[in-house]
Amino acid sequence: MIKQDVVERVRFETDIVELVGSYLPLKKVGRNYRGLCPFHQERSPSFYVSPERQTYHCFGCGVGGNAISFVMEHDKLDFPEAVRFLAKRLGIEVKEDAGGRHKGAYEACEQAAQFFERRLQQSETARGYLKHRGVRPETAKRFRLGFAPGGNRLRGEARKRSWPEDDMVKAGLLVERGEGLADYFTDRLIFPIMSISGRIIGFGGRALDEREPKYLNSADTPIYRKGDILYGAYQAKAYIREQAPLLVEGNFDLLSLTNVGVNNVVAPLGTALTPNQGALLCRYNRRVVVCFDGDEAGHKAARAAIEVLLRSGCEPQVALLPSGEDPDSYVRGHGRADFQKLVADAVDLIDFVLAGRKFRTVPDERASLRELVALLRLMSDDAAVELYANRIAERFRVERDTVLRAARREGLKKPRPVAASSPELEERVVAAAVQSGELAQAARDLGVHEIVADERLREVARLAAERCEEPGFGPAQILDAIEDESLRRRVAGWTFQQDVLPGVEEYRARVARMRAAWLHGRILQAHADGDGARAEALTKERGELLRGAAKERSSRS
Ligand SMILES: [Zn+2]
């Protein structure tokens, strides 16, 4: 972790015009600079950089962000890498937060990985095994595969080279076994597990004989938590922004696909997909294609993964493999083209759930309908819920509203904000808040972050509310906190709209009207729920709000 004040300094001291200008020629036009977009092919320039806002935006392809995200996008770096890169340009020394504390454990992992790699080269058996599984030497190298021999050889190597033993223990590589420290991995093929920035943080080991367990993973350590990272995420990250990530079950599925040049592949580490892993994928791409084994167990695991992905805000699809096949066997048997076709034919969750089902009776149909509605309840995006509801309604020939009502009836714990104003107005209100600390404070006081119907605008409003009193508040700062790329682009785009920001009084009045309309909706809802006390409290709040607005109007005239 890079220290927060380093991030702040990098953001403050980097001049985006100078930075972008070092990548492409820029010309001053009015208050902004313009050039040919580096992210799409174009003849006339539609890529703009704002020195005032420290943001960029392309009117052609929609990319946008601040200095850090420019470097991330252009050079395919992750956030810490981009900050380090910019800090280096500025001559700022990067202080690491947690990395420093666990430096020894990281080093132990790296040393062990190199040791295992060397051992792989020396082991006929291990190399023979890889060959038998069809893993090409380039692939083995890219994933830094290794071999852990038997007989405490790592311990011996650590002593010979005076690597600190307690770091080896901290990294889970040596363990206490009765008569002293012993190697954790013995006689196993080794899969180093890398963090998203490519540091080795743990290992997986596969037995080369019939030993149990077949797979052994590092236990959790201070630098490695199984549920936080995906196998192959580091190697896949340059690809999965453009191509939907493929989620496969096994390490060999991933290696066989990499063998044939399919690079957008990740695998959970021998467990069911966790919410953190889902969130990690979602940061790169909302679309995720689940490609699990074509048997009963694979089907079940895919179903569980879909639920996790939906909760993370992803839009999962499923590539259906023929029964008895896994991605490894399929791509080795049929080749890359057939596999790609299978991925291109991936179905959405409705077709996945209903695949192979025959409805003989109404109760059968109702059970499947209920199952799908339960999945809709996991979605956070209103538009997505409606689109899926359309499809479900068509499949079962029921009214769309029936599906929607069922989806919204119980599952949604929080009451859905009733749209109080047009989406355009909401967007303008949030856009203004992002660009001015004064307006952001007004927005916070009137709770814009709760009244806006669009979930993603709410997120931006919440960020603005949290940070509006920090020094240097502005779009460039907010952009760093937004992990979703499309949302970041939208926010960056706001800073290039011609709109003049409203005065704070006018803004306050506009938001107060929005809030009053929102309260009105909630009052009706409270009555519908039979919650008289809540209705009364809300009515009181609305009355005060309207009286305040009237008073302000009269004092101004
Ligand atoms: Zn562009």
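Colleague: In this predicted model, what share of the contacts in the protein chain with a separation of 6 or more is accounted for by residues 24 or more positions apart?
Modeller: The protein chain has 557 residues, of which 39% count as buried. Its secondary structure comes to 27 helices and 16 strands. Among contacts with a separation of 6 or more, the share from residues 24 or more positions apart is 64%.

Colleague: Which element gives the largest share of the side of domain 3 that touches domain 4?
Modeller: The domain assignment places domain 3 at 233-352 and domain 4 at 357-409, and their C-alpha centres lie 25 Å apart. In this pairing, 7 residues of domain 3 are in contact with 10 residues of domain 4. Two elements give two or more residues to the domain 3 side, namely helix 16 (349-354) and helix 14 (296-311). The largest share, 3 residues, comes from helix 14.

Colleague: How many charged residues does the side of domain 3 that touches domain 4 have?
Modeller: That side consists of the 7 residues of domain 3 in contact with domain 4. By class, 3 of them are nonpolar and 1 is polar, and the number of charged residues is 3.

Colleague: Which helix gives the most to the largest nonpolar core?
Modeller: This core has 97 residues, and those touching the most other members include Cys 109, Ile 190, Leu 247 and Val 289. Val 289, for example, touches Ala 244, Leu 246, Leu 247, Gln 317, Ala 319, Val 343 and Ala 346, leaving aside residues up to four places away in sequence. The greatest contribution to the core, 9 residues, comes from residues 103-122, which form helix 6.

Colleague: Which residue in strand 9 stands opposite Gly 146?
Modeller: Strand 9 belongs to an open sheet of 4 strands with antiparallel pairing and the order 6-9-10-11. The edge strands, each pairing on one side only, are strand 6 (146-148) and strand 11 (215-217). Strand 6 runs antiparallel to strand 9 (residues 188-194) and is joined to it by 3 bridges. Opposite Gly 146 stands Ile 190.

Colleague: What is the average twist from one strand to the next in the sheet with the order 6-9-10-11?
Modeller: The sheet is open and its 4 strands pair in antiparallel fashion. From one strand to the next, the twist averages 35°.

Colleague: Why is helix 12 described as largely enclosed by the rest of the structure, and which residue just after it takes a positive phi?
Modeller: Helix 12 spans residues 251-259, and it is largely enclosed because 8 of its 9 residues are buried. Those buried residues include Phe 252, Asp 253, Leu 254 and Leu 255. Their cover includes helix 8 (137-142), strand 9, strand 10 (200-207), strand 13 (265-266) and helix 15 (327-344). Just after the helix, a positive phi of about 85° is taken by Gly 261.

Colleague: Which residue with a positive phi follows helix 3?
Modeller: Helix 3 (residues 67-75) has 7 of its 9 residues buried, so it is largely enclosed by the rest of the structure. The buried ones are Ala 67, Ile 68, Ser 69, Phe 70, Val 71, Met 72 and Glu 73. The helix is followed by a residue whose phi is positive, near 55°, namely Lys 76.

Note on methods. Residues are numbered from 1 along each chain as its sequence is written. This is a predicted model: local features need pLDDT of at least 70, side-chain atom pairs count only at pLDDT 80 or more; totals for chains, interfaces and linings use all residues. Two strands pair if DSSP finds at least two bridges between them. Axes are lines fitted to C-alpha atoms, for helices over the stretch in contact, and angles run from 0 to 180 degrees between N-to-C directions. A residue is buried if 20 or more other C-beta atoms lie within 10 Å of its own, exposed if 12 or fewer, and partly exposed in between; C-beta atoms are placed from the backbone. Two residues are in contact if their C-beta atoms, placed from the backbone, lie within 7 Å. Domain bounds come from an automatic or database domain assignment. Ala, Val, Leu, Ile, Met, Phe, Trp, Tyr, Cys and Pro count as nonpolar, Asp, Glu, Lys and Arg as charged, and the others, Gly among them, as polar. A nonpolar core is a set of buried Ala, Val, Leu, Ile, Met, Phe, Trp, Tyr and Cys residues joined through C-beta atoms within 7 Å.
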